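Biologist: I'd like a close look at one part of this model, with the surroundings filled in as you go. Let me put it up first, and then I'll ask.

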Amino acid sequence: MEIWRLPISASQRGKLISAGYTSLSSLSSISSSDLARGELNVSESEAMNILKVASHSRGSETSNASCSIVEGAQSAWDMLHDEESLMHITTSSADLDNILGGGIHCKEVTEIGWSSLSLIVNSVLKYKLTTAFGSESIIFMLIGGVPGIGKTQLGIQIAVNVQIPNDFGGLGGKAIYIDTEGSFMVERAFQIAEACIEDMSEYNRFLRKDFQECKIKMQPQDILENIFYFRICSYTEQIALINYLDKFLSEHKDVKVIVVDSVTFHFRQDFDDMALRTRVLSGMALKLMNLAKRFSLAVVLLNQVTTKHTEASFQLALALGDSWSHTCTNRIVLYWNGNERYAYIDKSPSLRSASAAYSVTARGIRNSSSSCKRIKMM
Amino acid sequence: MARLANLETEYPVLDSTVRNFCASHGIFSVEDFLIHDLYMLAAFAEQNNSSERLKEGIAQVLSIIDDMHQPWLNGMELLEDAKRNKHVFPTGIQGIDLLLGGGIRVGQLTELVGPSSSGKTQVCLRTASNVARNHMVLYLDTGNSFSPQRIAYFLGKTINPSSAQAKNQFLQKVMSNISCHSVFDIFAMFDVLHQLESYLRCQDGRGGCQMRLLIVDSISSLISPLLGSSSTQGRALMTSTGYLLKKLAHQHNLAVLIINHTVGGEGGYSKPALGDSWKCIPHSRLFLSCDRGSNNYNVSILRHPSMASGKAARFVI
């Protein structure tokens with residue numbers, strides 16, 4: 001039982017150690033006023049805080065129940081059964097859902113990367129990207145002005161799809177949309193919501209003919225109402241918001257997905273201190289993981305892609321480097337293949353590497369309409 | 001080490017006379033006592049009036065200090081301990097087991113380093129499923145990447161199911177030996193390790209299925225938010241974590257497997273994260289990488305107590 005294990009600030013710890021309190025037992029018999037009055041030079045409230053933290057640590061040691069090794073641990077067998085009952089958020093494209101094992105999982109953080117549209121100075125370059133498929137090569141042309149691969153569309157689609165009611169196989173939950181770039185278009189969200197409701201009535205009509213009265217009572221406005229939208233203008237706002245989400249989610253327990261579009265935008269330009277950037281990003285990732293686990297929600301992060309120059313060839317890699325790539329549970333890379341949009345699973349603990357085609361239509365994300373519908377497995 | 005004043009309740013011989021004497025020499029805590037010249041102190045105590053009292057007090061403090069250090073072990077005892085307790089656990093992956101001469105060793109801290117998506121979590125899951133057949137496993141997960149389906153898949157591959165029910169029973173028996181806990185900051189991990197320590201202390205006494213494997217996936221996610229700032233607290237916490245894990249491994253006969261990621265180094269090569277201070281803490285370090293687009297993985301030894309570093313192997317998961 002040592003002092004360095006307590007979550008108190010470094011200066012308080014230094015003061016405690018220099019005054020001779022190096023183990024928790026030495027703090028057990030002292031009162032907060034004695035602590036404040038002594039050589040420590042801390043205020044009364046700080047002293048009370050220190051003692052509270054110390055007694056909490058002591059309490060967790062003695063209350064160790066014999067049935068579980070560690071409080072809060074679950075056995076793998078129980079988790080297997082929990083996972084089988086876990087719902088997925090569909091992406092509205094059957095191929096994409098198939099490779100994702102049903103859709104976006106709750107309790108996990110999924111990162112989706114898209115190809116950057118930043119103009120390369122002096123020329124339009126062609127990049128040959130040999131992907132995981134081995135010999136297939138993809139010609140990637142950067143043209144300014146094209147709206148992109150569809151990451152914001154996918155984000156909006158997920159925010160709408162999470163609200164599909166339980167009767168139709170959805171989660172019936174709300175969504176949080178954190179917008180850092182200002183690319184969320186309300187009219188588009190309305191369009192996608194309308195299309196989603198029309199699809200639901202179609203489904204209703206075809207399969208549940210006897211439930212004539214069960215008309216869809218949802219209106220596009222209801223769907224929009226259930227998307228909580230936050231607009232972020234700097235990285236400090238982003239961190240503050242993630243810290244605030246804890247409180248927000250305890251009040252709104254029916255939120256089932258957090259979409260952050262895009263998580264790296266404010267960290268890429270004008271960030272001088274790289275060490276600070278790594279620290280802030282890792283801390284943010286841990287907090288998001290914590291939220292995902294505690295509230296059983298899905299976290300979808302949208303990221304940009306940069307080029308890495310290795311061994312005289314250009315490689316596309318997700319922005320923010322290796323440390324950030326390490327922190328997410330799953331990673332999906334969106335890319336162009338000819339005229340088609342593809343999604344490829346780059347990292348996953350349990351899913352096989354595979355890619356699927358999808359398309360962005362007026363009604364949102366849908367299956368690609370090309371004749372070649374084969375899903376390419378690894 | 002406590003202040004002498006606080007020790008009075010437990011050891012009444014350290015009363016005010018003794019303490020005043022010590023205070024006159026600038027000694028307020030047990031730590032100050034250790035730094036001081038004890039011969040000089042004893043000589044001064046002789047000259048004092050209540051010399052008996054003072055000598056008793058000094059002897060008492062010395063015996064308190066004696067209780068604090070680990071017992072001495074000689075080479076034969078260490079060898080006995082190694083033969084009896086410090087077994088080797090096969091990971092279940094042939095390439096790695098051959099490379100390491102058996103597998104991961106109990107009592108040692110083994111680190112898996114590699115770029116993103118190079119198979120580190122998969123190796124941990126495979127090892128957990130292998131060790132869980134006979135022992136208990138604790139998996140500390142920082143990135144929600146523990147996948148029970150993968151464990152079930154690995155276990156399913158190794159048995160011939162006579163019936164679905166027998167397979168189910170086998171899965172239940174083995175998977176109940178794996179406990180998974182999510183930790184999202186380093187102080188939570190310290191709490192968990194502390195509870196684990198009390199559990200292991202009770203376990204050493206009784207028999208039955210014992211905990212033999214601790215996996216932390218990944219230690220670098222917990223430590224990265226702390227490193228790099230101007231204060232040294234991050235590095236201190238990192239080294240303390242390393243020593244705590246090694247202590248648990250040695251004293252309670254655990255094999256500890258931790259995961260670290262890589263960062264860009266000079267010349268575009270990736271190097272393990274957490275810096276040079278961390279480099280010497282794990283006993284063995286393995287570097288994993290993946291051939292893009294296939295199931296072939298490469299592993300090479302960066303550091304190992306008994307195998308040559310630089311040796312490499314390939315494996316498939």
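How many disulfides does a search of the whole structure find over all chains? And once that's settled, what does strand 9 of chain B pair with?

Modeller: Quick ground rules. This is a predicted model, where local features need pLDDT of at least 70 and side-chain atom pairs count only at pLDDT 80 or more, while totals for chains, interfaces and linings use all residues. Residues are numbered from 1 along each chain as its sequence is written, chains are lettered from A and ligands numbered from 1 in the order in which they are written, and side-chain values use heavy atoms, leaving out hydrogens and water.

On your first point, the search comes back with zero disulfides over all chains, a disulfide being a pair of cysteine sulfur atoms within 2.5 Å. Take B:Cys209: the closest cysteine sulfur, in B:Cys202, is 16 Å away, too far for a bond. B:Cys209 is partly exposed at 34% relative accessibility, and B:Cys280 is partly exposed too, at 48%. (Buried is under 20% relative accessible area, exposed over 50%, partly exposed in between, with a 1.4 Å probe and protein chains only.)

Now your strand. Helices (H or I, at least four residues) and strands (E, at least two) are DSSP runs numbered from the N terminus, and strand 9 of chain B covers residues 284–290, with five of its seven residues buried. Strands pair when DSSP finds at least two bridges between them. Strand 9 of chain B runs parallel to strand 3 (residues 109–114) of chain B over four bridges, and there B:Ser284 is the bridge partner of B:Thr110. With strand 10 (residues 296–303) of chain B the sense is antiparallel, over six bridges, including the one between B:Phe287 and B:Ser300. Five residues sit between the strands of that hairpin, where B:Gly293 takes a positive phi near 85 degrees.

In the domain assignment of chain B, domain 1 is 4–68 and domain 2 is 79–316; the bounds come from an automatic or database assignment. The C-alpha centres of these two domains are 46 Å apart.

B:Phe315 links up with this region. Its contacts (heavy atoms within 4.5 Å), leaving aside neighbours within four places in sequence, include B:Leu288, B:Tyr297 and B:Val299. B:Phe315 is also a hub of the largest nonpolar core: with B:Phe146 and B:Met175, it touches the most other members among the 44 residues. A core here is a set of buried Ala, Val, Leu, Ile, Met, Phe, Trp, Tyr and Cys residues joined through side-chain atoms within 4.5 Å. Helix 8 (residues 120–131) of chain B gives the most to the 44-residue core, five residues. There's a second, separate core of 39 residues, with A:Leu100 and A:Val259 among them.

Charges come last. A salt bridge puts a side-chain nitrogen of Lys or Arg within 4 Å of a carboxyl oxygen of Asp or Glu, and the count is 13 over all chains. In chain B, B:Lys55 and B:Glu46 come to 2.3 Å between their closest N and O atoms. B:Lys55 is partly exposed at 36%, and so is B:Glu46 at 46%. B:Arg84 bridges to B:Glu80 at 3.5 Å; both lie in helix 6 (residues 75–84) of chain B, four residues apart, about one turn of the helix.
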